[in-house]
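Subject: Handing over a structure, with notes on what was found

Dear colleague,

I am passing on the structure we spoke about, and below it you will find my notes on helix packing, charged pairs, a surface patch and some backbone angles. Please read them with the coordinates open beside you.

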Amino acid sequence: MRIGIGNDHVAVVYKRAISAYIRKKYGYEVINFGTDSLERFDYPLSGKAVAQAVVSGQVDKGILICGTGVGIGISANKVKGVRCVICSEPYSAKLSREHNNSNVLAFGARVVGIELAKMIVDSWLNAEYEDGRHQKRLDMIEAIEEDKL
C-alpha cells in the first residue's frame, strides 16, 4: 500500500511522526507531497498534490495535515474523485471509510495530539468500505461532481 502525505509548515513535525508510524506499524510506503520547511507554505498546494496522486493511482490513499485539517481537506475535495474526510476523532474516520469510502484523511496538528492522530489514522486505515446500501449515496456524490444531480 502506498500512502501519499501532505502538509503545510504548521504540520511538519506531525507529518514526520505519522509517516514514521505508518512505515513502522503497517510497512506501507509513504510518499511525501508536503513541505519539510517551517517557512510559510500554502496548504492548498499539498492538498491538491495528494488528491491528484490518489485519483491518478500514484498512491492508494492520502493523509493531509495542516493547522486544523479544514483548509487542506477542502482543497483536496476540489479534485474530482476525492472523498476527503476531516476528522478529529477515530469514530468518524472509521465510518468515513465504511460508509463513504473516503480516500483521503485530513486532521489538524493544532487540534489533535499526536497519539490521538495515530488512533485516527489506525481507525481509518483499518476500516473497509461496506458497499451495499452505501453505494447509492456515493453514486449521488459522483453525480453532483458531474453536475447531474
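I begin with the helices, where H4 and H5 pack with their axes 7 Å apart and at an angle of about 20 degrees. Since angles under 35 degrees count as roughly parallel, H4 and H5 are therefore roughly parallel to each other, and the crossing in which H4 passes H5 is right-handed. Please keep in mind throughout that this is a predicted model, and that every value quoted here is computed from it.

The other helix pair to look at is H2 and H3, whose axes lie 8 Å apart and whose packing angle is about 45 degrees. That angle falls outside the ranges for roughly parallel, roughly antiparallel and roughly perpendicular, and what remains counts as oblique, so H2 and H3 are described as oblique to each other. H2, too, passes H3 in a right-handed crossing. Within helix H2 sits Ala53, which counts as buried because its relative accessibility is 2%, and buried means under 20%. For orientation, the C-alpha atoms of Ala53 and Ala11 are 20 Å apart in space, while the two residues are 42 apart in sequence.

Turning to charged pairs, how many salt bridges does a search of the whole structure find? The search returns six, and I describe three pairs here, among them the one formed by the side chains of Asp36 and Lys15, with an N to O distance of 2.8 Å. This pair joins distant parts of the chain, for Asp36 lies in the loop between strand E2 (29-32) and helix H2 (43-56), whereas Lys15 belongs to helix H1 (residues 12-26), and 21 residues separate them. Are the two partners buried or exposed, or something in between? Asp36 is partly exposed, with a relative accessible area of 44%, while Lys15 is buried, at 3%.

A further salt bridge brings together the side chains of Lys25 and Asp122, at 3.1 Å from N to O. Here again distant parts of the chain are linked, with Lys25 in helix H1 and Asp122 in helix H5, 97 residues apart. Lys25 counts as partly exposed because its relative accessibility is 46%, whereas Asp122 is buried, with a relative accessible area of 13%.

The side chains of Lys80 and Glu146 also meet in a salt bridge, with 2.3 Å between N and O. Lys80 lies in the loop between H3 and strand E4 (84-86) and Glu146 in the segment after H6, so the pair ties together parts that are 66 residues apart in sequence. Glu146, at 37% relative accessibility, counts as partly exposed.

On the surface, Val70, Ile74 and Ile86 make a nonpolar patch of about 220 Å². Of these, Val70 is placed in helix H3 (residues 70-77) and counts as partly exposed, its relative accessibility being 38%. To relate this patch residue to the charged pair described earlier, Lys15 and Val70 are 55 residues apart in sequence, and their C-alpha atoms are 16 Å apart in space.

Finally, there are two backbone angles that you may wish to inspect. Asn101 has a phi near 50 degrees, which is a positive value in a residue other than glycine; this residue is located in the loop between helix H4 (90-100) and strand E5 (104-108), and with a relative accessible area of 21% it is partly exposed. Why does Asn101 count as partly exposed? The reason is that its 21% lies between the limits, since buried means under 20% and exposed means over 50%. Asp131 likewise is not a glycine, and its phi is positive, at about 60 degrees. Asp131 is found in the loop between helix H5 (114-126) and helix H6 (135-145), and at 39% relative accessibility it counts as partly exposed.

With best regards

Technical notes: Residues are numbered from 1 along each chain as its sequence is written. This is a predicted model: local features need pLDDT of at least 70, side-chain atom pairs count only at pLDDT 80 or more; totals for chains, interfaces and linings use all residues. Side-chain values use heavy atoms; hydrogens and water are left out. Patches are made of residues with over 30% relative accessible area and no salt bridge: like charges are joined within 9 Å, nonpolar side chains (Val, Leu, Ile, Met, Phe, Trp, Tyr) within 5 Å. Accessible areas come from the Shrake-Rupley method with a 1.4 Å probe; for residues, only the protein chains shown count as cover. A salt bridge is a side-chain nitrogen of Lys or Arg within 4 Å of a carboxyl oxygen of Asp or Glu. Helices (H or I, at least four residues) and strands (E, at least two) are DSSP runs, numbered from the N terminus. Buried means under 20% relative accessible area, exposed over 50%, partly exposed in between (1.4 Å probe, protein chains only). Axes are lines fitted to C-alpha atoms, for helices over the stretch in contact, and angles run from 0 to 180 degrees between N-to-C directions. Angles under 35 degrees count as roughly parallel, over 145 as roughly antiparallel, 65 to 115 as roughly perpendicular and the rest as oblique. A crossing is left-handed if the near helix is turned anticlockwise from the far one by less than a right angle, and right-handed if clockwise.
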